[in-house]
Amino acid sequence: MRLDEFIEFEANERAERRRLAAEKDYGILDHLDSFERRFEEHVSDDAVVGSVSPSIFVGRSNYPNVSTGLLSPVGREERAARFETSAAWYDEDVSIADVFDRRTSLLNSTRGVDVAAGGVTSVAGGDGPAESVHDAWDGWLGVQREVAIADRPVDVEIGLDGNPDLDFDIGTADIKTPTGPRAAARTADLGENPHVPRPVQKTLEDDDWRAEGAMTYLYRRGFDVYEINTILSAGALGQGENRRLVPTRWSITAVDDTVGQLLRGSIRDTPTVDRIEVHRNEYLGNAFWVILVPGRWEYELVEMKSPGSIWNPDPEAGVSLAAASEGREGRTGYVEETAGAYYASRLGVLEHLDDRGRQAKALVLRHVSDDYWGPVGVWQVREAVRNAFEGEFGTAETFGEAVRGVADHLPVSLGRLRRKSTMAAGLQANLGDFVDAG
């Protein structure tokens with residue numbers, strides 16, 4: 001499909017979604033009232049809470065002395081699996097309000113842990129029984145690990161230490177992480193024997209396996225990055241006594257990066273795509289354009305954040321731009337400017353190319369509109385890019401033609417895009433202008 005035809009086709013497909021997104025959903029306040037009533041029915045001071053935990057959370061504040069938590073959907077145990085972040089959220093077409101609902105419905109029962117020494121401490125600061133992260137199969141760390149490595153939500157009994165914190169004065173730092181109200185925990189016990197898949201058991205039993213190798217092993221055996229980053233976060237991967245708890249946010253990026261490096265190596269010697277392709281997807285107020293160009297692997301993400309969006313809240317500020325890129329050999333340092341979105345987007349592109357047995361130069365353009373009023377996490381970047389390759393796509397004769405065609409639908413001028421983007425500036429000048437002039 002020619003690029004101009006593709007753009008018109010996409011515009012028609014998006015018309016209904018734009019209409020539905022015209023008004024932001026502020027039903028959150030009703031949800032919070034409902035949750036507080038449900039919470040009071042199921043939780044009381046110093047009570048033992050019978051619940052189901054689909055996941056865990058490891059904080060990063062005050063690292064290496066961090067807060068670790070078991071996440072439980074209070075009063076909704078029969079639907080516990082729906083509360084764990086996964087690719088299924090995209091398939092369900094969850095809204096920003098849906099994400100907020102699910103995350104604020106999770107009670108985060110926490111204890112403090114020294115990830116370096118493996119010592120468990122109370123949240124109030126008192127010393128508790130020492131546990132090694134490497135061989136913890138009992139007590140708090142053991143229960144947390146069992147929840148993380150199981151292939152379905154686990155029945156747990158949690159003894160609370162004092163009154164849970166139901167402060168719903170939630171800021172962006174809270175929304176970015178999959179946690180709701182917090183409660184200090186005294187104890188945690190399993191209510192069942194969790195089922196652990198055999199590949200996960202293998203990674204646990206091999207004390208000589210580096211974490212990177214274990215991650216790629218699980219990925220090649222069908223585990224998605226969501227499952228792997230939870231296992232990594234629980235300190236269940238790595239060499240013997242070097243195993244450590246990994247803050248949730250760090251583990252997400254670590255797995256995206258590690259799997260991305262694996263896939264980049266897999267396509268290193270494959271043929272290139274044979275034409276210039278333009279793919280597009282839009283989700284939760286974020287629009288993604290993915291331009292694939294024949295040639296050796298090269299990748300860049302350019303983010304355009306509209307005024308009034310969550311990352312650029314000042315309506316008078318103008319569109320802010322951020323960009324990061326890599327060549328055939330990848331990067332040597334962490335991406336600061338586009339952070340975890342860089343690795344999540346790259347993973348989606350590399351998975352597509354690996355499935356095709358091809359390599360390409362890839363330029364991803366992300367427009368964050370003011371419809372993105374609450375941050376939901378980099379999973380939405382990963383899934384939007386993964387699904388951008390489904391269905392129709394556009395083609396162009398030159399890279400310059402592709403960039404110009406897309407730029408007409410971006411919130412910044414072509415000139416500003418070229419000044420920010422290494423790929424758009426370099427290839428446009430070296431290839432596109434010459435072909436166009438001919």
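Colleague: Why does aspartate 155 count as partly exposed?

Modeller: In this predicted model, aspartate 155 has a relative accessibility of 34%. Partly exposed covers the range between under 20%, which is buried, and over 50%, which is exposed; the value of 34% falls in that range, so aspartate 155 is called partly exposed. The residue sits in strand β7, which spans residues 154–160.

Colleague: Which residues gather with Asp155 in a patch of negative charge on the surface?

Modeller: Asp155 gathers there with Glu157, Asp189 and Glu192.

Colleague: Why is serine 55 called buried?

Modeller: The relative accessible area of serine 55 is 11%. Buried means under 20%, so serine 55 meets the criterion with its 11%. Serine 55 belongs to strand β2, residues 55–58. Apart from neighbours within four places in sequence, serine 55 has contacts with Leu70, Leu71, Glu84, Val147 and Thr230.

Colleague: What makes helix α5 largely enclosed by the rest of the structure?

Modeller: Helix α5 covers residues 139–149, and 10 of its 11 residues are buried, so the helix is largely enclosed. Among the buried residues of α5 are Trp140, Arg145, Glu146 and Val147. Val147 is also one of the contacts of serine 55. For the whole chain of 438 residues, 54% count as buried.

Colleague: What makes the pairing of arginine 268 and glutamate 329 a salt bridge?

Modeller: The closest N and O atoms of arginine 268 and glutamate 329 are 2.7 Å apart. A salt bridge requires a side-chain nitrogen of Lys or Arg within 4 Å of a carboxyl oxygen of Asp or Glu, so the distance of 2.7 Å satisfies the criterion. The pair links distant parts of the chain, 61 residues apart: arginine 268 lies in the loop between α10 and β9, and glutamate 329 in the loop between β12 and α11. Arginine 268 is partly exposed at 31%, whereas glutamate 329, at 55%, is exposed.

Colleague: Which parts does the salt bridge of glutamate 277 with arginine 356 tie together?

Modeller: The closest N and O atoms of glutamate 277 and arginine 356 are 3.0 Å apart. Glutamate 277 is in strand β9 and arginine 356 in helix α11, so the salt bridge ties together parts 79 residues apart in sequence. Glutamate 277 has a relative accessible area of 2% and is therefore buried, while arginine 356 is partly exposed at 31%.

Colleague: How do you know that alanine 323 counts as buried?

Modeller: Its relative accessibility is 14%, and the limit for buried is under 20%; alanine 323 is therefore buried. Alanine 323 is found in strand β12, residues 320–326. Leaving aside neighbours within four places in sequence, its contacts include Glu337 and Lys420.

Colleague: What joins the side chains of lysine 420 and glutamate 337?

Modeller: These two side chains meet in a salt bridge, with an N to O distance of 2.9 Å. Lysine 420 lies in helix α14 and glutamate 337 in the loop between β12 and α11, so the pair ties together parts 83 residues apart in sequence. Lysine 420 is partly exposed at 30%, and glutamate 337 is partly exposed at 39%.

Colleague: How many salt bridges does a search of the whole structure find?

Modeller: The search finds 23 salt bridges. Asp224, Glu351, Glu383 and Arg386 are linked in a network of such bridges.

Conventions: Residues numbered from 1 in each chain as written. Predicted model: local features only at pLDDT ≥ 70, side-chain atom pairs only at ≥ 80, totals over all residues. Heavy atoms only, no water. Helix = DSSP H or I, 4+ residues; strand = E, 2+ residues; numbered from the N terminus. Buried < 20%, exposed > 50% of the residue type's maximum accessible area, 1.4 Å probe, protein only. Contact = heavy atoms within 4.5 Å. Patch = residues over 30% accessible without salt bridge, like charges linked within 9 Å, V, L, I, M, F, W, Y side chains within 5 Å. Areas by Shrake-Rupley, 256 points an atom, 1.4 Å probe, with all protein chains shown as cover. Lys, Arg positive; Asp, Glu negative; His and termini not counted. Charge placed at Lys NZ, Arg CZ, Asp CG, Glu CD.
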